[in-house]
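Visitor: I should like a close look at one part of this model, namely its pocket. Please set that part in the context of the chain around it.

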Amino acid sequence: CIEGRDISTNILPNSDLKFFFICNLNTAASRRYRELKRKKIKIHFRDVKKALRIRNISDIKRKHSPLLKHRNSVVIDTGKINKALMLAKMSKHVEKVLKKNEKWNRN
């Protein structure tokens, strides 16, 4: 298992399983803001949101290894579900791929 913004398109494009996580900017900024507050970092929400927006744009537009969704990726909107539901959705997909590969290996 490996995570990163260019793993499925650049590092491991032939991997059997790929997930592409999306989340709206407000939700992502809120999560990051709460994380920073727990670490006692003094910052304003608008600054966190601005930093995330800039990073997303930069990652999408960079020349080398831009942020792209691989055509075989399963898209998971993490802004609409909690961690337990996210893991359940991922597990269901992993099991489906394992069963498919099991049938393939028998033949």
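Guide: The following account begins with the chain as a whole, turns to the pocket and its lining, and then considers individual residues.

The model is a predicted one. Its protein chain contains 4 helices and 2 strands, which succeed one another along the sequence in the pattern α-β-α-α-β-α. The radius of gyration of the protein chain is 17 Å, whereas a compact globule of 107 residues would have a value near 13 Å. Along the principal axes, the C-alpha atoms occupy a box of roughly 60 × 35 × 20 Å. Of the 107 residues, 20% are buried. Among contacts in the protein chain with a separation of 6 or more, 64% are between residues 24 or more positions apart.

Against this background, the largest pocket may be described. Its volume is about 1,500 Å³, and its lining comprises 37 residues. Glu3, Phe20, Phe21, Ile22 and Thr78 are those that lie nearest the centre of the largest pocket. Classified by residue type, the lining has 19 nonpolar, 11 charged and 7 polar residues. Several elements take part in the lining: helix 1 (7-11), strand 1 (19-22), helix 2 (25-38), helix 3 (45-61) and helix 4 (83-106) each provide at least two residues. The greatest contribution comes from helix 2, with 6 residues.

Among the residues nearest the centre, Thr78 deserves separate attention. Thr78 is situated in the loop that runs between strand 2 (74-77) and helix 4. Is Thr78 buried or exposed? Its relative accessible area is 12%, and because the limit for a buried residue is under 20%, Thr78 counts as buried. When neighbours within four places in sequence are set aside, the contacts of Thr78 are Phe21, Ile22, Cys23, Arg31 and Met86. Two of these partners, Phe21 and Ile22, also belong to the group nearest the centre of the pocket.

Phe21 leads on to the aromatic pairs, of which the count is 2. In one of them, Phe19 and Phe21 are stacked, with 6.4 Å centre to centre and 25 degrees between the planes. Phe21 itself is partly exposed, at a relative accessible area of 40%. The other pair joins Tyr33 and Phe45 in an edge-to-face arrangement, with 5.9 Å centre to centre and 85 degrees between the planes. This pair links distant parts of the chain, as Tyr33 belongs to helix 2 and Phe45 to helix 3, 12 residues apart. Both rings belong to partly exposed residues: the relative accessibility is 24% for Tyr33 and 32% for Phe45.

The loops on either side of helix 3 each contain a residue with a notable backbone angle. Most residues other than glycine have a negative phi. Lys40, in the loop between helix 2 and helix 3, has a positive phi near 65 degrees. Lys40 is exposed, with 72% relative accessibility. Ser65, located in the loop between helix 3 and strand 2, likewise is not a glycine and has a positive phi, of about 55 degrees. Its relative accessible area is 21%, and because a residue must be under 20% to be buried, Ser65 is classed as partly exposed.

Two C-alpha separations, each with one end in helix 2 (25-38), complete the picture. Lys83 is placed in helix 4 and is exposed, at 68% relative accessibility. The C-alpha atom of Lys83 is separated by 17 Å from that of Ala29, and these residues are 54 residues apart along the chain. Gly4 is found in the segment before helix 1, and is partly exposed with a relative accessible area of 37%. Between the C-alpha atoms of Gly4 and Ser30, which are 26 residues apart along the chain, the separation is 21 Å.

In summary, the largest pocket is lined by 37 residues, with helix 2 giving the most to that lining, and the buried residue Thr78 is one of those nearest its centre.

Definitions and conventions. Residues numbered from 1 in each chain as written. Predicted model: local features only at pLDDT ≥ 70, side-chain atom pairs only at ≥ 80, totals over all residues. Heavy atoms only, no water. 1 Å grid on protein atoms, 1.4 Å probe; cavity = no way out; pocket = protein on both sides within 12 Å on 5 of 7 lines; lining within 4 Å. Points joined across faces, edges and corners; volume = space filled by probe spheres on them. Nonpolar A, V, L, I, M, F, W, Y, C, P; charged D, E, K, R; others polar. Buried < 20%, exposed > 50% of the residue type's maximum accessible area, 1.4 Å probe, protein only. Contact = heavy atoms within 4.5 Å. Phe/Tyr/Trp six-rings, centres within 6.5 Å; stacked < 30°, edge-to-face > 60°. Rg over C-alpha atoms; globule rule 2.2 N^0.38 Å.
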